[in-house]
Amino acid sequence: MNWDTILFWVMIAIWVIMPTFIVYQEIQERRALAESETATDELEAADE
Amino acid sequence: MIQEIALGLLTSSIAVEGSSRLIVDIAMYFGLFVIVAMALNFQYGNAGIPNMGCAVQVIIGGFTVSAITTRLIFTLVGNAGVELLPWTSDYDWVYNSPPNVNIVNSWLSGKPLFGISMLLFTLAISLILGAVIGWLIALPAIRLRATYLMIVLITMADASQIFGRNIPWISGGTLGLFIPDIFKWYPGDRTLVMAIITLLIGLISFFIFRIMLNSPYGRLMRAIRENEVTVGSVGKNVTGIRRNILMFASGITAISGALLGFYFSYVVEANYQRALWTYWPWLMLILGGPGNNAGTFLGCALVVAMRRVIIMNKWFLQKVLFFPVAYFEQILLGGLLLAVIIFRPNGLIPEKLLYIPGINYRKLVDEEVVVDWRSAPKARGASSGISGIFRTLGGKKEEAEEE
């Protein structure tokens, strides 16, 4: 069994998964914050 | 003879070649710089501590490998009955390093548990020593204003390299020191294992920093960054908090130095230059966007890939450039820093507000909160707070009167 080939692709997988996951988390956080901002704007508009 | 052994040690267990070699190299450096840049982001991006001495913490990790782990391995292997050349004096420590490491490597080839335990030991010790160095740096410097703090930290980074260069028992002085291959038991390229471990540690440190930033402590850090006088006025120990942040981030940064030592199987102070381990992480941070882990990741990926490609293609670049290619990296560093500061001062991904996980922001804003202050004490229970104590006492008195 060629362990080097297996580990090479494991490394590539980690390398791909890591930024993908971080970008996904970032998008989720930004979406949640944007939603709260929209809700605040709507609430303020309703008060006026 | 010793030169041949040294060359053999440096090139042993490296089987991956060509473009795959470049990819492994980029992955390894990406992992290392992600750890350093995220720790820097934690300090500067979120707490406003301009740590220009990242190289101090990284070099401490390297020194941990050369001065502590290597000695421990030599001692343990010697106790196991393996005959090593003398290594206790400064001269023997440096000049007998290649043959001794060669002997130790052949002993380590069948002992995976020993190798892994040495790696874990080194990571733990470098974390602790990094934090101690963070505390030592904080002692004189943390009360200083940003500019003076930066000057002190730059000086400390240079001082740490001078210590390594002039004290042979730390890292072999200018000649450097060979490190036993703790992955000798692996039947292939050890650098692949190191790259995977480094990337995983980078991912774990991302989670740790993310959890800390989204906690109340993270909001406190941002408050200190924005206006430390105000935070101090409400009773928070600003100096203490800044010291804790510096200690924690220093510990994490030191891990990358230890990993670099194992990656090369060699530690020399010249590998831990201030420009490489302080200014490049700063460029990554500023390019990606301070106060933002995703931006730090992006900055790291761009800069590391660019640097490794330049290093690998220096022969080609020399033909194109009109100045010596050795200066190209430094010119690029300066030019990129200026360009980013002029055209995108907030970085590629600008900072956002802190996100509190598990909270539905829309619901929080939409729902009408009705607070009935008259019913609040009842809801809190009879025994909570000072009023609760009085109520309890009163209740006992009432019970006695009823009896």
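Visitor: Is S205(B) buried or exposed?
Guide: This is a predicted model. Buried means under 20% relative accessible area. S205(B) has a relative accessible area of 3%, so S205(B) is buried.

Visitor: Which helix holds S205(B), and which residues is S205(B) in contact with, leaving aside its neighbours within four places in sequence?
Guide: The helix spans residues 190-213 of chain B and is helix 9. With neighbours within four places in sequence left aside, the contacts of S205(B) are I35(B), M38(B) and I252(B).

Visitor: Which backbone oxygen does the side chain of S205(B) reach?
Guide: The distance is 2.9 Å. The partner on the backbone side is the oxygen of G202(B).

Visitor: Which helix gives the most to the largest nonpolar core?
Guide: That core has 113 residues, and M11(A), F33(B), L259(B) and W277(B) have the most contacts inside it. The top contributor to this core gives 17 residues and spans residues 18-47 of chain B: helix 2.

Visitor: What is M11(A) in contact with, leaving aside its neighbours within four places in sequence?
Guide: M11(A) is among the residues with the most contacts inside the largest nonpolar core. Beyond its neighbours within four places in sequence, M11(A) is in contact with I23(B), V24(B), A27(B), L192(B), A195(B), I196(B) and L199(B).

Visitor: How many residues has the other core, which lies apart from it?
Guide: Its members include L317(B), L321(B), F323(B) and V325(B). The count for this core is six residues.

Visitor: What is the area of the nonpolar surface patch made by I128(B), V132(B), W135(B), L136(B) and L139(B)?
Guide: One of these residues, I128(B), is in helix 6, residues 112-141 of chain B. The nonpolar surface patch covers about 450 Å².

Note on methods:
Residues are numbered from 1 along each chain as its sequence is written. Chains are lettered from A and ligands numbered from 1 in the order in which they are written. This is a predicted model: local features need pLDDT of at least 70, side-chain atom pairs count only at pLDDT 80 or more; totals for chains, interfaces and linings use all residues. Side-chain values use heavy atoms; hydrogens and water are left out. Patches are made of residues with over 30% relative accessible area and no salt bridge: like charges are joined within 9 Å, nonpolar side chains (Val, Leu, Ile, Met, Phe, Trp, Tyr) within 5 Å. Accessible areas come from the Shrake-Rupley method with a 1.4 Å probe; for residues, only the protein chains shown count as cover. A salt bridge is a side-chain nitrogen of Lys or Arg within 4 Å of a carboxyl oxygen of Asp or Glu. Helices (H or I, at least four residues) and strands (E, at least two) are DSSP runs, numbered from the N terminus. A nonpolar core is a set of buried Ala, Val, Leu, Ile, Met, Phe, Trp, Tyr and Cys residues joined through side-chain atoms within 4.5 Å. Buried means under 20% relative accessible area, exposed over 50%, partly exposed in between (1.4 Å probe, protein chains only). Contact means heavy atoms within 4.5 Å. A polar contact is a pair of N or O atoms within 3.5 Å; within protein, one must be able to donate a hydrogen and the other to accept it, and residues adjacent in sequence count only if both atoms are side-chain atoms.
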